[in-house]
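Reader: Hi! I'd like to talk through a structure with you. Could you put it up?

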2 protein chains.
Amino acid sequence: MSRPVEFDRDQAVQKAVHLFWQRGYQATSLADLLEAMGLSRSSFYAAFGDKRGLFVECLDVFAVRNQAILRRTRDRKPPMAALRSYFERNFGQTSEPDLHFGCMLVNTVIELAAIDQGLCDLAGQHLKTVQDLFEACLRDAGAEPDEAKQAAAFLMMVNEGARVSDRQRISIPDQLARINLAFGYVESSMAARTELGR
Amino acid sequence: MSRPVEFDRDQAVQKAVHLFWQRGYQATSLADLLEAMGLSRSSFYAAFGDKRGLFVECLDVFAVRNQAILRRTRDRKPPMAALRSYFERNFGQTSEPDLHFGCMLVNTVIELAAIDQGLCDLAGQHLKTVQDLFEACLRDAGAEPDEAKQAAAFLMMVNEGARVSDRQRISIPDQLARINLAFGYVESSMAARTELGR
DNA sequence: ATCTTTCTGGAACGGTAGGTCCATAATTAT
DNA sequence: ATAATTATGGACCTACCGTTCCAGAAAGAT
């Protein structure tokens, strides 16, 4: 076998994630993608099938990368601190100066709910996985099963809301204050149950 | 002066709001709009300028209608109950059987943040007005100035998160449970301050 | 050097987008 | 009736969309 230099597939997908994350599915044209990924039309269709196929792949990549943030800190910090740092890391300073793209999964749910139910459901499943991670952390922190489930659902709602505000370029201090308030509520509620017996 | 029968402008705008709310800005084509509004291309451009102009008008109409829900119940119920019913009404049963469109303002922020900053900012301003309404209700309920501001920001985050889940067709009981939890947090926090000290 | 395989650049496709234009129909004032 | 005014239907425009196709360039295998 033989072929011209292979392009770096993973790197190309990363570029695509960045574009889709920033501009959404519909507003990202094939021309935009080809330029950013640095490959030709023909290679694109050979490698990814079509635009929608690439988007599915990007959703998966984003979701894995996003969950990894939480999974890694979970090994190194107490469970509640890991949860907090997941929220804070997503909204604090980033590698890029102006990275207020929210969450690609949330953006997808909103943009495509009435347009492409398959893509919307896929994004929703990934979000559900994150919510399950929240629940696991809360269990580790001592929450009762039902309490953990409720609090995880609440924190996912907070997460989604924070991502919306992020797209509006809310100030970082304001953002952190709201997140801190939400965690204060959850933690004091858990503490209350623990202190005054079961 | 003289002219053929005028079309009902307000009614046409209502139809457009419904479409934009459901499908978003980009995915709503002119053909969709003309059919729903029941008018011809020429009349459309004469009356609204262009698609973007109509969208601006729709954002305003939606925002006013949305705020009216809260303003009206505020006259007839205690402030915290009015706030709660704003959240519950937006996610409980509606006139239409499957009206899981979220909030048009939130949808616009997410869809157009990187596409049309003007429209995104306009939607953001309308959301800020709602947040100010939240704050006023909390003041009426006895919150201190800073406490009211913080809690209003928190509730706006909850509101935005709830709208995202709404587009994912979250079950109504789950939705109400999360909202109830959020309000429980805010109310018990306010009660704690009132009881002990100050 | 030749063959084989893989990727490339670019032309071309049909479809649809938002927007413009104009001849015609409809209505009121005179 | 006639004139003046205004909305209508629909053809038309340009631009771009995602996708397909193909001749040819590049590189390892023989």
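Reader: Which residue of chain A comes closest to the rotation axis?
Author: In this predicted model, that is A:Gly161, with its C-alpha at 1.8 Å from the axis.

Reader: And what turn and shift lay chain A on chain B?
Author: A turn of 180° with a shift of 0.0 Å along the axis does it, and the RMSD is 0.0 Å. The two copies are thus related as by a two-fold rotation axis. Both copies use the same surface, as 100% of the contact residues of chain A recur in chain B.

Reader: Nice. How many residues are in contact between the chains?
Author: On chain A there are 34, and they are in contact with 34 residues of chain B.

Reader: Which helices of chain A supply at least two residues of that side?
Author: Helix 1 (9-23), helix 6 (104-112), helix 8 (145-167) and helix 9 (172-195) of chain A each do. The largest share, eleven residues, comes from helix 8 of chain A.

Reader: What's the mix by class on the side of chain A that touches chain B?
Author: You'll find 17 nonpolar, eleven polar and six charged residues there.

Reader: Back to helix 8, then. At what angle do helix 8 of chain A and helix 8 of chain B pack?
Author: At about 105°, and their axes are 7 Å apart. Angles of 65 to 115 degrees count as roughly perpendicular, so helix 8 of chain A is roughly perpendicular to helix 8 of chain B.

Reader: Which residues make the contact?
Author: From helix 8 of chain A, they are A:Met157, A:Val158, A:Glu160, A:Gly161, A:Ala162, A:Val164 and A:Ser165. Helix 8 of chain B brings B:Met157, B:Val158, B:Glu160, B:Gly161, B:Ala162, B:Val164 and B:Ser165. By class, this contact has eight nonpolar, four polar and two charged residues.

Reader: Let's switch to chain B. How do the axes of helix 1 and helix 4 of chain B cross?
Author: They cross at roughly 90° and come within 9 Å. Helix 1 and helix 4 of chain B are therefore roughly perpendicular to each other. Helix 1 of chain B contributes B:Val13, B:Ala16, B:Val17, B:Phe20 and B:Trp21 to the contact, while residues from helix 4 of chain B include B:Phe55, B:Glu57 and B:Phe62. That contact has ten nonpolar, no polar and one charged residues.

Reader: Last one: which residues have the most contacts inside the largest nonpolar core?
Author: Those are A:Leu105 and B:Leu105, in a core of 109 residues. Leaving out residues up to four places away in sequence, B:Leu105 touches B:Phe62, B:Ala63, B:Ala123, B:His126 and B:Leu127.

Methods:
Residues are numbered from 1 along each chain as its sequence is written. Chains are lettered from A and ligands numbered from 1 in the order in which they are written. This is a predicted model: local features need pLDDT of at least 70, side-chain atom pairs count only at pLDDT 80 or more; totals for chains, interfaces and linings use all residues. A nonpolar core is a set of buried Ala, Val, Leu, Ile, Met, Phe, Trp, Tyr and Cys residues joined through C-beta atoms within 7 Å. A residue is buried if 20 or more other C-beta atoms lie within 10 Å of its own, exposed if 12 or fewer, and partly exposed in between; C-beta atoms are placed from the backbone. Two residues are in contact if their C-beta atoms, placed from the backbone, lie within 7 Å. Helices (H or I, at least four residues) and strands (E, at least two) are DSSP runs, numbered from the N terminus. Ala, Val, Leu, Ile, Met, Phe, Trp, Tyr, Cys and Pro count as nonpolar, Asp, Glu, Lys and Arg as charged, and the others, Gly among them, as polar. Axes are lines fitted to C-alpha atoms, for helices over the stretch in contact, and angles run from 0 to 180 degrees between N-to-C directions. Angles under 35 degrees count as roughly parallel, over 145 as roughly antiparallel, 65 to 115 as roughly perpendicular and the rest as oblique. Copies are superposed by least squares on the C-alpha atoms of residues with pLDDT of at least 70 in both.
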